[in-house]
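Biologist: I am new to this structure and would like to learn how to read it. Could you walk me through a few features?

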Amino acid sequence: MTRTRATQQIVSIWLPALTMERWRRVISQYRTPPKDDVPVILSCDGTHGPVVQCVNATAQIRGVKPGDRVVDAQAVHPDLHVEVADLKGDQILMDRLVHWSRRWCPWTAQDGADGLVLDITGSAHLFGGEARILRDIVQRFAMQGLTAKVALAPTQGAAQALARYAPQYTICDPQNVEAQLSALPVQALRLDADTTRLLTRLGLRTIGALAEMPRITLMRRFGHLPAERNPLILLDRATGHVPSPLNAPPDHMHFIARARLPEPVLDPTPHLNSLVDDLCTQLAKAEQGARQLHLTIYRIDSECRSVGVNFAKASRDPAHILRLFDGEIDKIDPGFGFDLLTLEALRVEPLSLTQDRLDGTRDTKADVAGLLDRLTARLGQDKVTWSTWTETHKPERVEGRVPALTSAPSAADVAIRERPIRILKPAEEIHVIYAVPEGPPSQFRWRRVVYRTVRQAGPERIAPEWWRDKPGTRLRDYYKVEVEDGRRFWIYREGLLHDGRGGDPRWFLHGFFA
């Protein structure tokens, strides 16, 4: 949906510490977060290794800023507390905040990675005016543990600039847009780093200085840039000379079936069939399929209990859904009875109407998905897994296990050389009795048994991953060795003599060949 009007009231909400505040709230659930006087940075993957994604106030005072390399920041400040940022989790929170913010108006959208834009045209009087709605926004975000900085302006570009570079609760009238923007730096127009650097070299450090320049001169220099980087177009959008529509995502579709009972009961089983049929009918009309369902009972003592089932593949088959709930209902504690049941589809995916095969054969993919659903419902989500593959040097990091219902299988498209059929995690150290110079051991002891090497191949050298491993990690030389009884082992030497990263090299057994 697109929202554009001649006289708009746009509110820009900036969440400058979203990543850090969400991280502290998450870790406080299972461990004590660092104190406020400890410099904390959250890192993410960069082109040349981890980079700083977010910093707390203490790290900011020390001069650490987003975009710096983590190794450079640690070299200057060895006491930095480094954690990995959860960018996916931050985006999920932003998606929820977009729709949660519609308590103030029906037109809301995400603004970058840490902001929201609201079109409150015609809604401010419902909250007591423009000043009061801004205060209400800040207070409600504070109740969620998030620091918000807000501004109101007649254009989206002006509101975004004022929220980030003007004082809190800034309200800009349509007649004063150019005056209030003139003192702000040109970065407030959302220009990229190269354009900002060029304008600064030209002496155009503020929006006012940019607006006073002859347009024909600026057009000759910046006319070839796209709209997202062109300072003239961005300036016209901020001042209202060019329309800047607000693209708001549609509301989420809610699929829920309810059963209100005239008197309390203790067993939800007799009412489950009607709930499933009602929900599947709703999903079929919308051509959607459920991936996650929750059955909730509301007890007469004002408490509720719920159970859920997950699907490997979107489904709206009533028989399959009822089969998954078989056994799960027994886990619900009805208390002294309940008088309301709800069955809600928490996660749905498009599922078009399809015709059954004319030859009467079954869809093997649907059978596999149904089997995964039943096994997961019976054994647990973490018990049914499949492999995921990662491009990495270390053999023990190549293959991982993920739940089958929450993650899609990944093909083994990474470059993998011949590897053992079984890898030990972790590798077990072996005692070398006699070693060939610059080669594998001719005799070694593993688990109190001495083995004599008769054949060997290698070495295959694997260097440390400097962007992930700790400083001082030693390289590995892998060998495939065959012992006298025909068994083949995969062993490696960790480190080299006089490599400056420890004492004598150590030997480990890492896997077994067929």
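Modeller: Gladly! Let us begin with one residue: phenylalanine 141 is buried, at 0% relative accessible area. Keep in mind that this is a predicted model.

Biologist: Which aromatic pair does phenylalanine 141 form, and how do I read such a pair?

Modeller: A pair of aromatic rings is described by how far apart the centres are and by the angle of the planes. Here, phenylalanine 141 pairs with tryptophan 104, with 6.2 Å centre to centre and 15° between the planes, and the pair is stacked. Tryptophan 104 counts as buried too, at 2% relative accessibility.

Biologist: Where do tryptophan 104 and phenylalanine 141 lie?

Modeller: Tryptophan 104 sits in the loop between α4 and β6 (108-110), while phenylalanine 141 belongs to helix α5 (residues 130-143), so their pair ties together parts that are 37 residues apart in sequence.

Biologist: How many aromatic pairs does the structure hold?

Modeller: There are 14 aromatic pairs. Another one of them joins phenylalanine 444 and phenylalanine 489: the centres are 6.2 Å apart, but with 75° between the planes this pair is edge-to-face. Phenylalanine 444 is in strand β18 (residues 441-446) and phenylalanine 489 in strand β21 (residues 488-494), so the pair links parts that are 45 residues apart in sequence. Phenylalanine 444 is buried, with a relative accessible area of 0%, and phenylalanine 489 counts as buried at 1%.

Biologist: Which residues form an aromatic cluster with Phe444 and Phe489?

Modeller: Trp446, Tyr451 and Phe512 join Phe444 and Phe489 in one aromatic cluster.

Biologist: Now to helices. How do I read two that pack together?

Modeller: Two packed helices are described by the angle and the distance between their axes. Take helix α1 (residues 18-27) and helix α4 (residues 87-100): their axes come within 10 Å and cross at roughly 100°. That crossing makes α1 roughly perpendicular to α4.

Biologist: Which residues of α1 and α4 meet?

Modeller: From α1 come Leu18, Thr19, Arg22 and Arg25, and they meet Gly89, Asp90, Leu93 and Met94 of α4. By class, this contact of α1 with α4 has three nonpolar, two polar and three charged residues.

Biologist: Last topic: how many disulfides does the structure hold?

Modeller: Zero.

Biologist: Why is there no bond between cysteine 44 and cysteine 54?

Modeller: The closest cysteine sulfur to that of cysteine 44 is in cysteine 54, and it is 10 Å away, too far for a bond. Both residues are out of the open: cysteine 44 counts as buried at 15% relative accessibility, and cysteine 54 counts as buried at 7%.

How values were computed
Residues numbered from 1 in each chain as written. Predicted model: local features only at pLDDT ≥ 70, side-chain atom pairs only at ≥ 80, totals over all residues. Heavy atoms only, no water. Axes fitted to C-alpha atoms, helices over the stretch in contact; angles between N-to-C directions. Helix = DSSP H or I, 4+ residues; strand = E, 2+ residues; numbered from the N terminus. Parallel < 35°, antiparallel > 145°, perpendicular 65-115°, else oblique. Contact = heavy atoms within 4.5 Å. Nonpolar A, V, L, I, M, F, W, Y, C, P; charged D, E, K, R; others polar. Disulfide = S-S within 2.5 Å. Buried < 20%, exposed > 50% of the residue type's maximum accessible area, 1.4 Å probe, protein only. Phe/Tyr/Trp six-rings, centres within 6.5 Å; stacked < 30°, edge-to-face > 60°.
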